[in-house]
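Dear colleague,

I am passing on the structure we talked about, so that you can have it open while you read. Below it you will find my notes on what was found in it.

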Amino acid sequence: MDPFIVKAIQLLLSLSLLIVLHEFGHFIPAKLFKTRVEKFFLFFDVKFALFKKKIGDTVYGIGWLPLGGYVKISGMIDESMDKEQMAQPPQEWEFRSKPAWQRLIIMLGGVTVNLILGFLLFMMILFVWGTNYVGPDEMPEGFAVVDEFKEFGFKDGDRVLKVNGEELQNSLDINRKLFMRDVNTVTVLHQNGAEETINIPENIGEQMFEDGIMQPFIPIQRPILDSVAAKTAADVAGLQKGDSIISINDQEIGYWHEMTKNTRANKNKEMEIVFKRDGEIKSVMATPDEDGILGVTPRRDFEVKTQQYSFAESISEGFKDGYWTLRDYVYQFKYVFTKKGATQVGGFGAIGGMFPDAWNWQAFWHTTALISIILAFMNILPIPALDGGHVMFLLYEMITGRKPNEKFMEYAQMVGFFILIALVLYANGNDIYRAIFDK
């Protein structure tokens, strides 16, 4: 099956699951507090619905516009902008008639479910599949280090032993930790057998982002392609899995890091790649993107081990995975507000790209857990029309003892809605732009 279709199916299934459970997070406390829920929809039913059925006071259905979902709660100023209902005297079953603390619980329900689901999925993944890791003993040739990091004291062939004095179980985590964590020291074992602890600049994450060095440590491996991402420069040029790179622009390539260094030096420049396929020497012209990326991954030359967890261990370790996933996402969110970060914001295309080309349940659930936690964070942002906007006004009411004016709430909802539409258009516009021009 075409990788694009596989990714699209996974994206649709994952988002459908997350949306339904998120809306149930609002639906259940609303029902518990005897608040009428008029609609419960997966996707938006603009003008018409693909399916709908009324059960009790609630119409359940599936819309045709897959941009989210919603529950319409009686007596609540939301995206439906039902002014006629709000003009009527409040009824005991309406949202606006309930105590502020009940309304707060209803609004926090969706975010809470997304967070809990993300943490539970991480626990389930560890219990069923365990976790893969590559220790320093499994990488005898160590890492190739970019020139910028050699200035700190790192050398080609280094094996990473510790970060901030604590042993690093998975050596391949070093790049992510440098970018997202507060790393002060890295202890390495040089190829000459000497162990050294190297101090790391305080703003190393910002330096990596601005310089486009997201992988300062690259495992030393042969330049054999294991995969080629769809619609990337390598894919457009015709490179395939199993191709062995021989040279780039007449410069001999012996290891993967040499290839990476070469492509970084040819950002947005066409270059000749000579490779071997089935014993035959061939060549193609390819243009790396603005970050020097071709869209290929190497065939592993090192052993990957798996650590299994008991049920109790999977709970504690899964909680840690969930915590650090949330913490890392919040930490890197600041880059969205930079000039470079704004151009990298993605929509549904970027989210779909997080899923693997071939169906893999472990990867599917891991990506779904990540998206669930991201949705929780994004929904709690204090933007009108999001759950966080409603929570912000409810907290104001609980602190001051005064409800915000309904007319003000309507205007705020409209402004928030247009902000969200603009962000959705911008993010998906970035996806379209990259699909057209990043070739």
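To begin with one of the sheets in this model, which is a predicted one, four strands form an open sheet with antiparallel pairing, and their order is β12-β11-β13-β14. The edges are taken by β12 (251–252) and β14 (280–286), each of which has a single partner strand, so one side of each is left without a neighbour in the sheet. Strand β13, which covers residues 271–277, runs antiparallel to β14 and is joined to it by 7 bridges; within that pairing, I273 has V284 in β14 as its bridge partner.

Helix α8 (residues 256–264) lies across β11 (244–248), β12 and β13 of this sheet, and it runs at about 45 degrees to β11. One residue of this helix that you may wish to look at is T263, which has its place in α8. With a relative accessibility of 5%, T263 counts as buried, because the cut-off for that class is under 20%. Leaving aside residues up to four places away in sequence, T263 touches I248, M271, P288, G292 and L294; of these, I248 falls within the residue range of β11, and M271 within that of β13.

A second open sheet also has 4 strands, here in the order β6-β5-β7-β8, and its pairing is antiparallel. In this sheet β6 (166–167) and β8 (195–199) stand at the edges with a single partner strand each, so that one side of each is left without a neighbour in the sheet. The pairing of strand β5 (residues 159–163) with β6 is antiparallel and runs over 2 bridges, and K162 stands opposite E167 in β6. Strand β7 (residues 185–189) and β8 also run antiparallel, joined by 5 bridges, and T187 has T197 in β8 as its bridge partner. The hairpin of β7 and β8 has 5 residues between the strands, and in this hairpin G193 takes a positive phi near 90 degrees. As background to both sheets, strands of a sheet pair through backbone hydrogen bonds, either in the parallel or in the antiparallel sense.

Turning to the helices, I looked at two pairs. The axes of helix α1 (residues 3–32) and helix α3 (residues 100–129) come within 7 Å and cross at roughly 140 degrees, and the two helices are therefore oblique to each other. The crossing in which α1 passes α3 is right-handed. On the side of α1, the residues that meet α3 are L18, L21, H22, G25, H26, P29 and A30, while α3 contributes I105, I106, M107, G109, G110, V111, V113, N114 and L117. Divided by class, the residues of this contact between α1 and α3 are 10 nonpolar, 6 polar and no charged.

The other pair consists of helix α9 (residues 311–332) and helix α12 (residues 361–379), which pack at an angle of about 50 degrees with their axes 10 Å apart. These two helices, α9 and α12, are therefore oblique to each other, and their crossing is right-handed. In α9 the residues G322, T325, L326, Y329 and V330 meet L370, I373, I374, F377 and M378 in α12, and by class the contact of α9 with α12 has 8 nonpolar, 2 polar and no charged residues.

Another residue that deserves a note is P219, which is found in strand β9 (residues 217–219). P219 has a relative accessible area of 12% and is buried, because that value lies under the 20% cut-off. When residues up to four places away in sequence are not counted, P219 touches M139, G142, F143, L172 and F302. The C-alpha atoms of P219 and Y255 are separated by 9.6 Å, and these two residues are 36 residues apart along the chain.

Finally, some values for the protein as a whole. The protein has 14 helices and 16 strands, and its C-alpha trace spans about 80 × 45 × 40 Å along its principal axes. Of the 439 residues in the protein, 44% are buried. Among the contacts in the protein with a separation of 6 or more, 64% are accounted for by residues 24 or more positions apart.

With best regards

Definitions and conventions. Residues are numbered from 1 along each chain as its sequence is written. This is a predicted model: local features need pLDDT of at least 70, side-chain atom pairs count only at pLDDT 80 or more; totals for chains, interfaces and linings use all residues. Side-chain values use heavy atoms; hydrogens and water are left out. Two strands pair if DSSP finds at least two bridges between them. Axes are lines fitted to C-alpha atoms, for helices over the stretch in contact, and angles run from 0 to 180 degrees between N-to-C directions. Angles under 35 degrees count as roughly parallel, over 145 as roughly antiparallel, 65 to 115 as roughly perpendicular and the rest as oblique. A crossing is left-handed if the near helix is turned anticlockwise from the far one by less than a right angle, and right-handed if clockwise. Contact means heavy atoms within 4.5 Å. Ala, Val, Leu, Ile, Met, Phe, Trp, Tyr, Cys and Pro count as nonpolar, Asp, Glu, Lys and Arg as charged, and the others, Gly among them, as polar. Buried means under 20% relative accessible area, exposed over 50%, partly exposed in between (1.4 Å probe, protein chains only).
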